[in-house]
Amino acid sequence: INLGAESIADQDLPDMLGDALARHRLSATCLAIELTETAALADVARCARVVGRLRAFVFGVALDDFGTGFSSLDHLRDLPVDTIKIDQRFIRGAIVEPRDAALVRGLAGLCASLGLRVVAEGVETAEQAAFARSCGIGVQQGWLYAPALPAAEAAALIARGALQPAA
(Lines give C-alpha, C1' and ligand atoms only; values in the text may rest on other atoms or scores of the structure.)
Protein backbone atom coordinates (compact mmCIF):
# COMPACT_ATOMS: atom_id res chain seq x y z
CA ILE A 1 0.00 0.00 0.00
CA ASN A 2 1.46 3.35 -1.01
CA LEU A 3 0.79 6.05 1.58
CA GLY A 4 1.01 9.79 1.10
CA ALA A 5 1.58 12.51 3.68
CA GLU A 6 -2.12 12.79 4.57
CA SER A 7 -2.47 9.06 5.22
CA ILE A 8 0.69 8.77 7.27
CA ALA A 9 -0.47 11.71 9.41
CA ASP A 10 -3.61 9.76 10.42
CA GLN A 11 -2.92 8.36 13.90
CA ASP A 12 -5.81 5.90 13.42
CA LEU A 13 -4.25 4.33 10.31
CA PRO A 14 -2.53 1.39 12.07
CA ASP A 15 -5.74 0.40 13.86
CA MET A 16 -7.80 0.73 10.66
CA LEU A 17 -5.37 -1.50 8.75
CA GLY A 18 -5.21 -3.97 11.63
CA ASP A 19 -9.02 -4.14 11.74
CA ALA A 20 -9.17 -4.70 7.97
CA LEU A 21 -6.68 -7.55 8.23
CA ALA A 22 -8.65 -9.16 11.05
CA ARG A 23 -11.92 -8.80 9.11
CA HIS A 24 -10.41 -10.53 6.09
CA ARG A 25 -8.39 -13.04 8.15
CA LEU A 26 -5.07 -11.96 6.67
CA SER A 27 -1.65 -11.76 8.23
CA ALA A 28 0.14 -8.43 8.26
CA THR A 29 3.09 -10.22 6.66
CA CYS A 30 0.97 -10.32 3.48
CA LEU A 31 1.04 -6.54 3.24
CA ALA A 32 3.82 -4.04 2.72
CA ILE A 33 3.50 -0.33 3.39
CA GLU A 34 5.40 2.12 1.21
CA LEU A 35 5.70 5.77 1.99
CA THR A 36 7.46 8.28 -0.18
CA GLU A 37 10.40 10.05 1.31
CA THR A 38 8.61 13.37 0.87
CA ALA A 39 5.52 12.11 2.74
CA ALA A 40 7.64 10.69 5.55
CA LEU A 41 9.55 13.91 5.98
CA ALA A 42 6.48 16.15 6.15
CA ASP A 43 6.40 15.48 9.91
CA VAL A 44 9.17 13.06 10.85
CA ALA A 45 8.18 12.67 14.51
CA ARG A 46 4.54 11.87 13.71
CA CYS A 47 5.57 9.59 10.86
CA ALA A 48 7.96 7.71 13.16
CA ARG A 49 5.15 7.15 15.69
CA VAL A 50 2.70 5.90 13.05
CA VAL A 51 5.31 3.72 11.33
CA GLY A 52 6.34 2.28 14.70
CA ARG A 53 2.73 1.29 15.32
CA LEU A 54 2.48 -0.22 11.82
CA ARG A 55 5.63 -2.25 12.47
CA ALA A 56 4.05 -3.51 15.71
CA PHE A 57 1.43 -5.18 13.48
CA VAL A 58 4.39 -6.79 11.61
CA PHE A 59 3.83 -4.79 8.44
CA GLY A 60 6.94 -4.36 6.34
CA VAL A 61 7.56 -0.64 5.81
CA ALA A 62 9.58 0.78 2.93
CA LEU A 63 10.79 4.31 2.32
CA ASP A 64 10.06 4.81 -1.40
CA ASP A 65 11.76 7.14 -3.90
CA PHE A 66 14.70 7.54 -1.55
CA GLY A 67 17.08 10.30 -2.52
CA THR A 68 14.49 12.57 -4.12
CA GLY A 69 13.35 14.54 -1.07
CA PHE A 70 15.31 16.02 1.79
CA SER A 71 17.33 12.90 2.52
CA SER A 72 19.09 12.91 5.84
CA LEU A 73 21.02 10.34 7.80
CA ASP A 74 18.86 11.31 10.77
CA HIS A 75 15.85 9.96 8.88
CA LEU A 76 17.56 6.65 8.10
CA ARG A 77 18.35 6.35 11.79
CA ASP A 78 15.05 7.58 13.24
CA LEU A 79 12.35 6.23 10.93
CA PRO A 80 11.54 2.61 11.84
CA VAL A 81 11.53 1.32 8.26
CA ASP A 82 13.03 -1.97 7.10
CA THR A 83 13.44 -1.23 3.38
CA ILE A 84 14.90 1.64 1.36
CA LYS A 85 13.88 1.89 -2.29
CA ILE A 86 16.50 3.80 -4.26
CA ASP A 87 14.78 6.07 -6.75
CA GLN A 88 14.97 5.15 -10.40
CA ARG A 89 16.73 8.40 -11.31
CA PHE A 90 19.85 7.21 -9.49
CA ILE A 91 19.66 3.67 -10.91
CA ARG A 92 19.30 4.97 -14.47
CA GLY A 93 21.92 7.66 -13.97
CA ALA A 94 24.45 5.25 -12.42
CA ILE A 95 25.29 3.80 -15.83
CA VAL A 96 26.37 7.15 -17.31
CA GLU A 97 27.09 9.38 -14.32
CA PRO A 98 29.91 8.40 -11.94
CA ARG A 99 28.44 10.52 -9.13
CA ASP A 100 25.10 8.66 -9.34
CA ALA A 101 26.98 5.35 -9.34
CA ALA A 102 28.91 6.43 -6.24
CA LEU A 103 25.69 7.49 -4.50
CA VAL A 104 24.01 4.15 -5.22
CA ARG A 105 27.06 2.16 -4.06
CA GLY A 106 27.38 4.24 -0.92
CA LEU A 107 23.70 4.11 -0.06
CA ALA A 108 23.55 0.34 -0.65
CA GLY A 109 26.54 -0.16 1.66
CA LEU A 110 25.14 2.14 4.31
CA CYS A 111 21.76 0.40 4.25
CA ALA A 112 23.43 -3.01 4.48
CA SER A 113 25.37 -1.80 7.54
CA LEU A 114 22.11 -0.61 9.12
CA GLY A 115 20.39 -3.93 8.41
CA LEU A 116 18.00 -2.36 5.91
CA ARG A 117 16.79 -4.13 2.80
CA VAL A 118 17.52 -2.22 -0.43
CA VAL A 119 15.43 -2.20 -3.61
CA ALA A 120 16.56 -0.73 -6.93
CA GLU A 121 13.60 0.98 -8.60
CA GLY A 122 13.12 1.49 -12.34
CA VAL A 123 15.51 -1.18 -13.63
CA GLU A 124 15.01 -1.19 -17.41
CA THR A 125 18.20 -2.70 -18.82
CA ALA A 126 20.44 -5.68 -18.15
CA GLU A 127 23.29 -3.21 -17.57
CA GLN A 128 21.32 -1.45 -14.81
CA ALA A 129 20.44 -4.83 -13.25
CA ALA A 130 24.10 -5.93 -13.31
CA PHE A 131 25.18 -2.64 -11.75
CA ALA A 132 22.60 -2.96 -8.96
CA ARG A 133 23.73 -6.54 -8.27
CA SER A 134 27.37 -5.38 -8.19
CA CYS A 135 26.33 -2.97 -5.41
CA GLY A 136 24.80 -5.82 -3.43
CA ILE A 137 21.23 -4.89 -4.39
CA GLY A 138 19.51 -8.19 -5.05
CA VAL A 139 15.95 -6.91 -5.09
CA GLN A 140 15.04 -4.96 -8.20
CA GLN A 141 11.86 -3.79 -9.84
CA GLY A 142 11.21 -2.31 -13.23
CA TRP A 143 10.26 -2.88 -16.83
CA LEU A 144 13.20 -5.24 -17.39
CA TYR A 145 11.28 -7.79 -15.33
CA ALA A 146 7.69 -6.94 -16.23
CA PRO A 147 5.67 -4.01 -17.49
CA ALA A 148 2.90 -2.53 -15.39
CA LEU A 149 0.12 -5.11 -15.46
CA PRO A 150 -3.51 -5.42 -14.40
CA ALA A 151 -3.83 -7.34 -11.11
CA ALA A 152 -5.06 -10.58 -12.73
CA GLU A 153 -2.14 -10.67 -15.17
CA ALA A 154 0.34 -9.92 -12.40
CA ALA A 155 -1.10 -12.76 -10.28
CA ALA A 156 -0.79 -15.15 -13.23
CA LEU A 157 2.82 -14.07 -13.80
CA ILE A 158 3.68 -14.70 -10.16
CA ALA A 159 1.83 -18.05 -10.12
CA ARG A 160 3.85 -19.21 -13.15
CA GLY A 161 7.09 -18.14 -11.49
CA ALA A 162 7.78 -16.18 -14.67
CA LEU A 163 9.83 -13.38 -13.16
CA GLN A 164 12.45 -13.35 -15.91
CA PRO A 165 13.69 -10.21 -17.68
CA ALA A 166 11.35 -9.05 -20.43
CA ALA A 167 12.63 -9.44 -23.99
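**Exercise 1. Determine where the salt bridge of Lys 85 and Glu 121 lies in the chain and whether its two residues are buried or exposed.**

*Solution.*

Step 1. A salt bridge is defined as a side-chain nitrogen of Lys or Arg within 4 Å of a carboxyl oxygen of Asp or Glu. The side chains of Lys 85 and Glu 121 satisfy this rule, with an N to O distance of 3.8 Å.

Step 2. The two residues are 36 positions apart and link distant parts of the chain: Lys 85 belongs to strand 4 (residues 83–86), whereas Glu 121 lies in the loop between strand 5 (117–120) and helix 8 (126–134). Here helices (H or I, at least four residues) and strands (E, at least two) are DSSP runs, numbered from the N terminus.

Step 3. A residue is buried under 20% relative accessible area, exposed over 50%, and partly exposed in between (1.4 Å probe, protein chains only). Lys 85 has a value of 4% and is therefore buried. Glu 121 has a value of 7%, so this residue is buried as well.

Step 4. A network of salt bridges links Glu 34, Lys 85 and Glu 121.

The model is predicted: local features need pLDDT of at least 70, side-chain atom pairs count only at pLDDT 80 or more, and totals for chains, interfaces and linings use all residues. Residues are numbered from 1 along each chain as its sequence is written, and side-chain values use heavy atoms, with hydrogens and water left out.

**Exercise 2. Describe the salt bridges of Asp 15 with Arg 53 and of Arg 92 with Glu 124.**

*Solution.*

Step 1. Asp 15 and Arg 53 meet at 2.8 Å, N to O. This pair links helix 2 (residues 13–23), which holds Asp 15, to helix 4 (residues 44–56), which holds Arg 53, across 38 residues.

Step 2. Asp 15 is classed as partly exposed because its relative accessibility is 36%. Arg 53, at 31%, is therefore also partly exposed.

Step 3. Arg 92 and Glu 124 meet at 2.7 Å, N to O. Arg 92 is in helix 6 (residues 88–93) and Glu 124 in the loop between strand 5 and helix 8, with 32 residues separating them.

Step 4. Arg 92 has a relative accessible area of 33% and so counts as partly exposed. The value for Glu 124 is 37%, which means that Glu 124 is partly exposed.

Step 5. In total, the model contains six salt bridges.

**Exercise 3. Establish the order of the strands in the sheet and name the edge strands.**

*Solution.*

Step 1. Two strands pair if DSSP finds at least two bridges between them. Strand 1 (residues 2–3) and strand 2 (residues 32–36) have two bridges and pair in the parallel sense. One of the partnerships is that of Leu 3 with Leu 35.

Step 2. Strand 2 and strand 3 (residues 60–66) run parallel and are joined by five bridges. In strand 3, Gly 60 is the bridge partner of Ala 32, and Ala 62 stands opposite Glu 34.

Step 3. The six strands form an open sheet with parallel pairing, in the order 1-2-3-4-5-6. Its edges are strand 1 and strand 6 (139–140), each of which pairs on one side only.

**Exercise 4. Identify the members of the largest nonpolar core that touch the most other members.**

*Solution.*

Step 1. A nonpolar core is a set of buried Ala, Val, Leu, Ile, Met, Phe, Trp, Tyr and Cys residues joined through side-chain atoms within 4.5 Å. The largest one has 41 residues, and Leu 35, Leu 54, Val 104 and Ile 137 touch the most other members. Helix 7 (residues 98–113) makes the greatest contribution, with five residues.

Step 2. Contact means heavy atoms within 4.5 Å. Beyond four places in sequence, the residues touched by Leu 54 include Ile 8, Leu 17, Ile 33 and Val 61.

**Exercise 5. State the confidence of the model for the whole protein and for its elements.**

*Solution.*

Step 1. The measure is pLDDT, the predictor's confidence in each residue, from 0 to 100. Its mean for the protein is 85, and 93% of the residues reach 70 or more.

Step 2. The protein has nine helices and six strands. Among these elements, helix 8 has the highest mean pLDDT (96) and helix 3 (residues 37–41) the lowest (73).
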